[in-house]
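User: I am learning how structural labels are assigned, and I would like to see the reasoning behind a few of them. Could you take me through this one step by step?

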Amino acid sequence: MDHTPAAAWLAAATSAAQHQGSGYLLRVVLVVMILGCAFTGWFLLRGYKRKDD
């Protein structure tokens, strides 16, 4: 397995991202939104948990 320098990898990733258009950005926004909603729901609902001690 060949070692790829970080600068070459970053340049390849940048050029690939330019060819994909806004579809990649939309996917990232949707994933972050879903994870944010799940985390917010968990954070708010954990306050309603009662201990029966």
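User: Why is Met-33 called partly exposed?

Analyst: Please keep in mind that this is a predicted model. Met-33 has a relative accessible area of 46%, and since buried means under 20% and exposed means over 50%, the value falls in between, so Met-33 is called partly exposed. Met-33 lies in helix H2, which covers residues 23–45, and together with Leu-26, Leu-30 and Ile-34 it forms a nonpolar surface patch with about 390 Å² of accessible area.

User: What makes Phe-39 exposed?

Analyst: The relative accessible area of Phe-39 is 52%, and the label exposed requires a value over 50%, so Phe-39 is counted as exposed.

User: Why is the pair of Phe-39 and Phe-43 called stacked?

Analyst: The ring centres of Phe-39 and Phe-43 are 6.4 Å apart, with the planes at 25 degrees. Rings pair if their centres lie within 6.5 Å, and planes under 30 degrees apart count as stacked, so both conditions are met and this pair is stacked. Both residues belong to helix H2, where they are 4 residues apart, about one turn of the helix.

User: What makes the pair of Phe-39 and Trp-42 tilted?

Analyst: Phe-39 and Trp-42 are 5.7 Å apart from centre to centre, with 35 degrees between the planes. Because stacked needs under 30 degrees and edge-to-face needs over 60, the angle for Phe-39 and Trp-42 leaves the label tilted. Along helix H2 these two are 3 residues apart, which means a separation of about one helical turn. The structure holds 2 aromatic pairs, and Phe-39, Trp-42 and Phe-43 form one aromatic cluster.

User: How do you know that Arg-46 lies over the face of Trp-42?

Analyst: Arg-46 is placed at 5.4 Å from the ring centre of Trp-42, and the distance cut-off for a charge over a ring is within 6 Å, so the distance agrees with describing Arg-46 as lying over the face of Trp-42.

Methods. Residues are numbered from 1 along each chain as its sequence is written. This is a predicted model: local features need pLDDT of at least 70, side-chain atom pairs count only at pLDDT 80 or more; totals for chains, interfaces and linings use all residues. Side-chain values use heavy atoms; hydrogens and water are left out. Patches are made of residues with over 30% relative accessible area and no salt bridge: like charges are joined within 9 Å, nonpolar side chains (Val, Leu, Ile, Met, Phe, Trp, Tyr) within 5 Å. Accessible areas come from the Shrake-Rupley method with a 1.4 Å probe; for residues, only the protein chains shown count as cover. A salt bridge is a side-chain nitrogen of Lys or Arg within 4 Å of a carboxyl oxygen of Asp or Glu. Buried means under 20% relative accessible area, exposed over 50%, partly exposed in between (1.4 Å probe, protein chains only). Rings of Phe, Tyr and Trp (its six-membered ring) pair if their centres lie within 6.5 Å; planes under 30 degrees apart count as stacked, over 60 as edge-to-face and the rest as tilted. A charge sits over a ring if NZ of Lys or CZ of Arg is within 6 Å of the ring centre and within 35 degrees of the ring normal.
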